[in-house]
Amino acid sequence: MNRCLTVPDPSPYGETTPLHLPEPGTTPPACACRQPVEADLRVLRTATAGTRPNALRAPDDPRARARYRWLVGHHAAFAVWQHLRRTLETALDDPTALLEAARLYDVYSVLFLYTGSCSPERYAETIRPGMTARHPAFSGEWARDHEGLTALARKVRDQYPAALAAPLTDAVRLNQRVHMKVAARLVPGGASLLQDAGRQPGRHPTPAEHDLYDTHFAVHRLPVCDSSLTAQLVRRLAQIVCDIAEHGLTDHDPHPLTDDLLRSFAEALGSPRMQDVKTVSMTTGLYDYLLTQAEPPTPVQRRLMAETRDLGQVAEMQIPHEQSVLLTLLTKITGARLVVEVGTFTGASTLAFALGLPPGGQVITCDISDEWTGIARRAWQDAGVADSVRLLLGPAEETLRSLSEDPVIDLAFLDADKPGYETYWDLLVPRLRPGGLLLADNVLYGGDAADPHCTGNARAIRAFNARVRADERMESVLLPVADGLTVARKRDTP
Ligand SMILES: C[S@@+](CC[C@H](N)C(=O)[O-])C[C@H]1O[C@@H](n2cnc3c(N)ncnc32)[C@H](O)[C@@H]1O
């Protein structure tokens, strides 16, 4: 059986083809295929940009559109529930998955609004009879993919302190409110088909009821691979976004909806780069482990970290210990004898460089703060490296200009005011010896630097990063160490 399923290119009208889903709770077969989703994402982006979509259009007839929404919205929900189940299972042991679970609940809520967006009259006339004909007690409780999700979400929330689980809790509550509102609006009398048929809600569905539900919504259970599941979901999301862009969310009271949530979700799903990310997401547990795998701090480094922590919020400016170890190692590996640092603060990075110097080596470090560098001086003294450190107080630009213009610096480190980075780069690169290293800290700026619309310091960092990449005198890489560390080497032949 073919587990990889290619979704055909988007056609002018959104289709209502069967959905191929693996059994919920099963692991999709290992597969390296990449089912194409770019064409769907292009259509979806066009629709969210306010242009009338020229593909994947929903039916113009309101009755046909109500049926279309019921089917396409359910399909998307089934696939989202499969993602949600996996994410909740991950979140049982990994709190970093909590936010993703909350986002998936929000997507599910939006799909609820879409699926049940027709008027009560239209629902009574076009949707309900089809389900009654299928079975007089036809019920949403028979949906395989949703089974056990509510209990699983509760188990995850119980696992963590309320504050940590708050985004998920809020998303679950919002989802319950949306569910109740949509149900009350579509069936003003309130009774479901299940209740009308004299059956009690909450009873475990039989396999036949599961199958009946799948048949009604044209769902075929096949062990399709992850990429095939993604391609089918992106297609449904594109259909939904195109429909909303053209017809508004409700046919009885049309209004446009900018569907950022669905679009960004589809983009994230469809991004092939997501599958290429090899860097692990950091958790506190993983970070604690990582620290055990670095050279331990010396007693002076330990005291300096504690003393800096006592300064309060500003302590976050200090580089973390594993970065100190890296700086010491890079100093040793390159055999650096002259290091120039911009941004001393309480001296942790200066100390790290000094610990890597050969006898007779020197760190020149600059800062504008007498107070913070006072703490640094004491630490260098205690560590026995004070003789190899030259602290120059004053604006870094002036200090760097005052240094010899000969290319004698072996290693330089930028860790001061972010708008100054480009100037410091311009002043340091010519003073760097061929083969010398220039390191720059905070080059991800909490992740904001990746945003083309970022502002403030993140914008300055983004401009700096572009400058680094454009500079042919240097070869460089940006590493996800702490807040991002650029390692740039001056080419031997500029
Ligand atoms: C992020 S901290 C440096 C942290 C330090 N590398 C460490 O590992 O602890 C930035 C430092 O840059 C200094 N600074 C800010 N603007 C400056 C400027 N124009 N010239 C020199 N130093 C500056 C601040 O006083 C502050 O101490």
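**A loop residue, a ligand shell and a few helices**

Phe345 is found in the loop between E3 and H14. In this predicted model, Phe345 has a positive phi of about 55°, even though it is not a glycine. That stands out a little, since most residues other than glycine have a negative phi. As for its surroundings, Phe345 counts as buried because 23 C-beta neighbours sit inside 10 Å, where 20 or more are needed.

Phe345 also turns up at the ligand. The shell there has 20 residues, and the closest are Gly343, Phe345, Ser349, Ala396 and Ala416. Two elements give two or more residues to this shell, namely helix H14 (348-356) and strand E4 (362-367). By residue type, the shell around the ligand splits into ten nonpolar, seven polar and three charged.

A second non-glycine with a positive phi is Leu56, again at about 55°. Leu56 has its place in the loop between helix H1 (38-48) and helix H2 (62-91). With 26 C-beta neighbours inside 10 Å, Leu56 counts as buried.

Now for the chain as a whole. The protein chain has 18 helices and nine strands. Its radius of gyration is 30 Å, while the globule rule gives 23 Å for 494 residues, so the chain is more spread out than a compact globule. The C-alpha trace spans about 90 × 45 × 45 Å along its principal axes. Of the 494 residues, 38% count as buried. Among contacts with a separation of 6 or more, 77% come from residues 24 or more positions apart.

How confident is the predictor, and where does the pLDDT fall below 50? The mean pLDDT of the protein chain is 89, with 90% of residues at 70 or more. The pLDDT is below 50 over residues 253-259, a stretch that has eleven contacts in the model beyond near neighbours in sequence.

Helix H13 (residues 321-334) is worth a look next. At 1.5 Å a residue, its 14 residues should span 20 Å, and the end C-alpha atoms are indeed 20 Å apart, so the two figures agree. Buried residues of H13 are Gln323, Ser324, Val325, Leu326, Leu327 and Thr331. What do these buried residues of H13 pack against? Their partners are helix H12 (299-309), strand E3 (338-342), H14 and strand E6 (409-414). Two of these partners bring the story back to Phe345, whose loop runs between E3 and H14. After H13 comes Gly335, with a positive phi near 65°.

Helix H9 (residues 226-247) can be read in a similar way. Its 22 residues reach 31 Å from the first C-alpha to the last, close to the 32 Å expected at 1.5 Å a residue. H9 is mostly covered, as 20 of its 22 residues are buried. H9 too is followed by a glycine, Gly248, whose phi is positive and near 80°.

Finally, Glu125 lies in helix H4 (residues 120-134). Is Glu125 buried, exposed or partly exposed? Glu125 has 13 other C-beta atoms within 10 Å, so it is partly exposed; the exposed class stops at 12 or fewer. Glu125 and Glu23 are 102 residues apart in sequence, and their C-alpha atoms are 32 Å apart in space.

Technical notes: Residues are numbered from 1 along each chain as its sequence is written. This is a predicted model: local features need pLDDT of at least 70, side-chain atom pairs count only at pLDDT 80 or more; totals for chains, interfaces and linings use all residues. Helices (H or I, at least four residues) and strands (E, at least two) are DSSP runs, numbered from the N terminus. The radius of gyration is taken over C-alpha atoms; the globule rule is 2.2 Å times the number of residues to the power 0.38. Two residues are in contact if their C-beta atoms, placed from the backbone, lie within 7 Å. A residue is near a molecule or strand if its C-beta atom, placed from the backbone, lies within 6 Å of it. Ala, Val, Leu, Ile, Met, Phe, Trp, Tyr, Cys and Pro count as nonpolar, Asp, Glu, Lys and Arg as charged, and the others, Gly among them, as polar. The expected span of a helix is 1.5 Å times one less than its number of residues. pLDDT is the predictor's confidence in each residue, from 0 to 100.
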